[in-house]
Amino acid sequence: MSKLLEVKNLSVGIADGQILKDVNLTINAGEIHVLMGPNGAGKSTFGNALMGSPVYNVLSGKILFDGEDITEFTPDKRAKAGMFMSFQNPLEVPGVSLESFIRNSIRQKTGKPIKIFSFKKEMEETMELLNMDSSYAERDLNVGFSGGEKKKAEILQMLMLSPKFAILDETDSGLDVDAVRTVSKGIREYQKRTDGALLIITHNAAILEALDVDHAHVIVKGRLVTSGGPELIETINKNGFEEFIREAETDHE
Amino acid sequence: MNNMETEGAIHYDPAIDNSVDDINAYLEGTDRSLYNFRDESTDYYKVDSGLTRDIVDKISEEKHDPEWMHEFRLKCLDIYNNLNVPQWGPPIDGLNMDNIVTYVRPNTDMKASWDQVPEEIKSAFDKLGIPQAEHEFLAGVGAQYDSELVYHNLQESVAKMGVVYSDMESALNGPYKDMVKEYFMHLVPPTDHKFAALHGAVWSGGSFVYIPKGVKVEVPLQSYFRLNAKGAGQFEHTLIIVDEGADLHFIEGCSAPKWNVANLHAGCVELYVKKNARLRYSTIENWAKNMYNLNTKRAIVEEGGRMEWVSGSFGSHVSYLYPTTILKGDKSSCEYTGITFSGKGQDLDTGCRMVHMGKRSSSLITAKSLAKDGGINTFRSEIKVLPEAEASKSSVDCQSLMLDDISRSDTIPEIDVRVDNCDIGHEAKIGRISDEAVFYLMSRGIPENEAKAMIVSGFANPISKELPLEYAAEMNNLIKLEMEGSMI
């Protein structure tokens, strides 16, 4: 399988100090990776740093995407290269409708004009798949959306933009059982449509139940402490992160 | 703080409608009986500003003023010479009052050549898609623009409904000359402030509209003042009277930057909304960025009448602009929706005023402002509820968005309530454009500039959607150009 994302010795910080230390990770096309870890371990930092958030500084290391070094790319260029992130807290943008936002994004990403009719049709079908009321298309982006609708809107954007690689940053957090199922359905649809790769950042195994996870990783205190197959998820479900936290502490004493 | 008025400490007593006179006394917050300007003035033609009686006489003559207007201009000149420049707002030192004559002298010094028009103005015309033929006219160098036909056709189509629509000069001598005399500068008396007096002395161009009782004009009436009267767009006067039960939407201005050799704009807008009538007045002002825009707009609303302002302020170096609505009649209402965008080198002082006199009168103010590249925005609102205005309601919502660290936004609300049972609300929000939101949009492939423009357009959207489609498109276009920083 071809390497899609290669993270090499990545260290990331904010103004106050370092968060990620020397992270290495490779994701091949079409694979599902899961990133787990206790609160404050650096999971979201990793996702945001991959997407190019200006909040985080890359201190050392490299991010390669499709063989290209994108470490210095602005977020829009990363998106154009084929990356996507479903935000943990999607932002509200008053005055910009969900539909026009998606249309604009596609136009920016492809650099081509949109065929309105087929766009509308695809949008409607995708919203239906995600059990989203079609009225949301006309509503201001995320403004007054419930937590669940915000997350569905993120998955809708993922499906409409069809990236090669999507980061789902705690997309399942705060969702009820039905909404988690819907999101999970959206993820399967994404894989079916584009054979896209995923990095799923989560606390919760429920979202993973219906997915074929290829690899799982555990991050503790900014370090990737262990990687393995889907069985790792079960271990964590049973025993929690304690073992990894202890190991991380002894390793660095 | 009652500093929205200039120090109008001079009484000028034209034979005007008492109620309006009373209202203006309220507005000025001065005891008018203390002053009697005529007695104080020993030298009627005293000139300390370069603006002479000769010049005013000449303007009057060229315009074929009726005698009363000629006299009125001279009175205004007198008031002008005895009033001080306002001290409470953004500095207007750059306006050389000693040279005021060069701003108003008809024909002679006003002519410019196309070569003098700054390059950025020319390119802005192109970017806004203004037809080539209009370029020279808008730049103030075209002598005559061949759109008189358009204007004429518009007049004809509404004339069938009994609507009177003409330029101010024609109205002065036309069939409605008595009406003009009755209303002209009664709502905005020349004593209001120095620039109102200046306007009264040298006004030129503008529109006169009269909508007869019960006539509802279905399509918006658009002012073609950018296309008609000579020297228009600098001291133009707009007088609109919507008679009982009538309905009108009037649109003034366009998004093209108006450029003039002289950099002072002191227009005046007077709107009379009669019983159960409705007037919507939409305007986008976009002056060249050397312009001092000292404009005065005022409306008076009778019983059950409704006034709606939609106002976009772009351009200019300094603006003083506070559309005022006097809710005179019971159950009269007013809605003000406005946006101000100030960029580099701009100090825009805008807002609005509501004076509640009628019982159960109501006003709703929604104001937005944007500041970038060191631009300064000040939003002033003044809500006055007089003792007789029982059970009135007023709500002010003001939002400011700053696009960087060097720009500034201030909100100066003033609420003066003289009655117990009324409902007054004020809400102001000032914020910075969120980096997180920009990152969110960028993560979808939208470049930084466009992401910011998108957030800004979205912020302005509640205002633009109040405008007719083509104007909303123009405004969005303008915001985009402002965001690119490529605009004058």
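Which strands of chain B does helix H13 lie across? Let me begin with that, and please keep in mind throughout that what we are looking at is a predicted model. Helix H13 of chain B, residues 448-464, lies across strand S11 (306-315), strand S14 (333-342), strand S16 (362-371) and strand S18 (393-402), and its direction makes an angle of about 160 degrees with S16(B).

Those four strands lead us to the sheet in chain B. It is an open sheet of 8 strands with parallel pairing, and its order is S3-S5-S8-S11-S14-S16-S18-S20. At its edges stand strand S3 (221-222) and strand S20 (423-432), each of which pairs on one side only. As a reminder for the newer members, strands of a sheet pair through backbone hydrogen bonds, either parallel or antiparallel. If we follow one pair in this sheet, strand S5 of chain B, residues 247-252, runs parallel to strand S8 of chain B, residues 278-287, and the two are joined by 6 bridges; B:His249, for example, stands opposite B:Arg280 in S8(B).

Stepping back to chain B as a whole, we count 14 helices and 20 strands, and of its 488 residues, 53% are buried. Of the contacts in chain B between residues at least 6 apart in sequence, 84% join residues that are at least 24 apart.

Now to a pair of helices in chain B. The axes of helix H4 (residues 67-82) and helix H11 (residues 194-202) come within 7 Å and cross at roughly 150 degrees, which means that H4(B) is roughly antiparallel to H11(B). Their crossing is left-handed. From H4(B) the contact includes B:Phe72 and B:Tyr80, and from H11(B) it includes B:Lys194 and B:Leu198; by class, this contact has 8 nonpolar, 1 polar and 2 charged residues.

Let us turn to chain A, where another helix pair can be set beside that one. Helix H5 (147-161) and helix H6 (residues 177-194) of chain A pack at an angle of about 5 degrees, with their axes 10 Å apart, and H5(A) and H6(A) are therefore roughly parallel to each other. Among the residues that make the contact are A:Ile155 and A:Leu159 of H5(A), together with A:Val183 and A:Tyr190 of H6(A), and the contact divides into 6 nonpolar, 3 polar and 3 charged residues.

Chain A also has an open sheet of 4 strands, this one with antiparallel pairing, in the order S2-S1-S4-S5. Within it, strand S1 (residues 3-14) and strand S4 (residues 57-65) pair over 7 bridges, and A:Val12 has A:Val58 as its bridge partner in S4(A). Helix H1 of chain A, residues 43-51, lies across S1, S2 and S4 and runs at about 70 degrees to S2(A).

Elsewhere in chain A, are the residues of strand S6 (residues 83-86) buried or exposed? Both faces are covered, with A:Met83 and A:Met85 buried on one side and A:Phe84 and A:Ser86 buried on the other. S6(A) pairs in the parallel sense with strand S9 (residues 165-169) over 4 bridges, and A:Phe84 has A:Ala166 as its partner there.

Finally, the two chains meet: 21 residues of chain A are in contact with 19 residues of chain B. On the side of chain A that touches chain B, helix H2, strand S7, helix H3 and helix H5 each supply at least two residues, and by class that side has 11 nonpolar, 7 polar and 3 charged residues.

Conventions:
Residues are numbered from 1 along each chain as its sequence is written. Chains are lettered from A and ligands numbered from 1 in the order in which they are written. This is a predicted model: local features need pLDDT of at least 70, side-chain atom pairs count only at pLDDT 80 or more; totals for chains, interfaces and linings use all residues. Axes are lines fitted to C-alpha atoms, for helices over the stretch in contact, and angles run from 0 to 180 degrees between N-to-C directions. Angles under 35 degrees count as roughly parallel, over 145 as roughly antiparallel, 65 to 115 as roughly perpendicular and the rest as oblique. A crossing is left-handed if the near helix is turned anticlockwise from the far one by less than a right angle, and right-handed if clockwise. Two residues are in contact if their C-beta atoms, placed from the backbone, lie within 7 Å. Ala, Val, Leu, Ile, Met, Phe, Trp, Tyr, Cys and Pro count as nonpolar, Asp, Glu, Lys and Arg as charged, and the others, Gly among them, as polar. A residue is buried if 20 or more other C-beta atoms lie within 10 Å of its own, exposed if 12 or fewer, and partly exposed in between; C-beta atoms are placed from the backbone. Two strands pair if DSSP finds at least two bridges between them.
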